[in-house]
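Here are a few notes to read alongside the structure. Keep the viewer open and click on each residue as it comes up.

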Amino acid sequence: MERKLDIIPVGQWNVFPEGTRPLVIAGPCSAESERQVMETASALKAEGIQVFRAGIWKPRTHPGCFEGVGEKGLPWLARVQRELGMKVCTEVACKEHIDACSRYGIDLFWIGARTSANPFLMQEIADAMQGKDIPVLVKNPVSQEIELWKGALERLNRAGVRKLGVIHRGFSSFEKQIYRNSPGWNIAIELRAQYPEMPFFADPSHMGGERKYVAELSQKSMDLGLDGLMIESHICPDSALSDAFQQLCPAALSDLLSHLEIREMDSDCLDYREHISELRAQIDMIDDNILEELRSRKKISRQIGQYKKEHNIAILQASRWDALLEDVVRKSAHYGLSEKCVTAIFNAIHEESVQVQNEVISNHGFGNLPEPESE
Ligand code: PEP
Ligand code: MN
């Protein structure tokens, strides 16, 4: 269900430098020692980074791993703020974390993927955020459930958190694949379309899981028009106590950022604007035609359903569908269309057609079934 969120634009958060893209948050997966925090933050600051991250409480999948230094790391972040003039952020997962961070003046919170998947915790966090003016970025839940992600945002927003944004870090997957978390970009695109005003970050470090993937995933995030990047960076990545494989040293992070190609989101150029509107009008027209054709196809499906019913024939004839799909795939190759895309579209069309025929067959008084008004 669509619910509007009341968001304050990121430019008014007083966290990120004005007018830059990408907005960058960088720092180690975990704060490990005061020295590691200060050395990493100083090196990042020297590379122009202004917002520093470090996990204080670490949600680890298995017990017995390094679970963060806890509250004793908060004064280290306060020192980064004070001595280096950087903004600082950390992950919060319960009321106690929020209270402790508020005492130390942490500038920005993020909610981790294991927490945003839990409505009880999200409600506890939302309640604890009431009356606080601290921005919150919500990572996507570990599973591909956009509604769970939206629900977490709604809870915070209802509690009065208007400095609200998201971080896309990919989704857990049982199947082995190249990235640590599968990107599921379609979900990010869908959420972006629903809340275009909401600051949108990507976390290529947790998505990729290995240093070598961070650059390509950062570039992809920029190509999709996302606003910012949260990237893990450690003064000595190989010795990191958590996520050692995916952290970059500050110089490598800086190199990555300087090589990103950032395309403009829009242009004031009149020529561009006129031409793009023309092309968009053509696309709109084609989309209308596709809808018309789908409507005609549905009408025929209904007739086929009726006909099968009269002759007592089963709805599904797999061989007919296989042949049709084979033909479509062959033609799509000829037209230079992607087989994956065309197959997905036609499978969806087929599913709808089976559904329509099912309705016809299970409706005993089909002869009187009203046609949709527009037909
Ligand atoms: C993190 O940012 O260090 C972290 C634990 O991330 P996620 O919740 O995305 O796994
Ligand atoms: Mn991490």
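The points below go through the ligand, the pockets and two spots in the backbone.

1. A word before we start: this is a predicted model. Keep that in mind as you go through the rest.

2. Start with ligand 1. Which residues are around ligand 1? The list is Cys 29, Arg 53, Lys 58, Glu 91, Trp 110, Gly 112, Ala 113, Arg 114, Lys 139, Arg 169, His 206 and Glu 232. Sort that shell by class and you get seven charged residues, three nonpolar and two polar.

3. Now zoom in on three arginines. In the side chain of Arg 169, an N or O atom is 2.6 Å from an oxygen atom of ligand 1. For Arg 53, a polar side-chain atom lies 2.8 Å from a ligand oxygen. Arg 114 joins in too, with a side-chain N or O atom 2.9 Å from an oxygen atom of the ligand. How much of the ligand does the protein cover? On its own, ligand 1 has 300 Å² of accessible area, and the protein covers 97% of that.

4. Where does the ligand sit among the pockets? The space it takes is the largest pocket, which has a volume of about 580 Å³. There are 32 residues in the lining, and those nearest the centre are Thr 61, Arg 114, Arg 169, Arg 180 and Asn 181. You'll recognise Arg 114 and Arg 169 from the ligand's polar contacts. Helix H4 (113–116) and helix H8 (204–208) are the elements that give two or more residues to this lining. By class, the lining has 13 charged, eleven polar and eight nonpolar residues.

5. Next, the second largest pocket, with a volume of about 310 Å³. It is lined by 16 residues, and Ile 304, Lys 308, Arg 320, Ser 353 and Gln 357 are the closest to its centre. Three helices each give two or more residues to the lining: H11 (270–310), H12 (318–334) and H13 (339–362). Which element gives the largest share? That's H11, with five residues. The class count here is eight nonpolar, five polar and three charged.

6. Last stop, the backbone. Go to the segment before strand E1 (23–27), where you'll find Pro 22. The peptide bond joining Arg 21 and Pro 22 is cis, with omega about 0 degrees. Asn 14 is also in the segment before E1. What is phi for Asn 14? It is near 60 degrees, a positive value in a residue that isn't glycine.

Technical notes: Residues are numbered from 1 along each chain as its sequence is written. Chains are lettered from A and ligands numbered from 1 in the order in which they are written. This is a predicted model: local features need pLDDT of at least 70, side-chain atom pairs count only at pLDDT 80 or more; totals for chains, interfaces and linings use all residues. Side-chain values use heavy atoms; hydrogens and water are left out. A residue is near a molecule or strand if one of its heavy atoms lies within 4 Å of it. A polar contact is a pair of N or O atoms within 3.5 Å; within protein, one must be able to donate a hydrogen and the other to accept it, and residues adjacent in sequence count only if both atoms are side-chain atoms. Accessible areas come from the Shrake-Rupley method with a 1.4 Å probe; for residues, only the protein chains shown count as cover. On a 1 Å grid over the protein atoms alone, a cavity is a set of points where a 1.4 Å probe fits but cannot get out, and a pocket is an open set with protein on both sides within 12 Å along at least five of seven lines; lining residues have an atom within 4 Å of a point. A molecule sits in a cavity or pocket if more than half of its atoms lie within 2 Å of its grid points. Ala, Val, Leu, Ile, Met, Phe, Trp, Tyr, Cys and Pro count as nonpolar, Asp, Glu, Lys and Arg as charged, and the others, Gly among them, as polar. Grid points are joined across faces, edges and corners, and a volume is the space filled by probe spheres set on the points. Helices (H or I, at least four residues) and strands (E, at least two) are DSSP runs, numbered from the N terminus.
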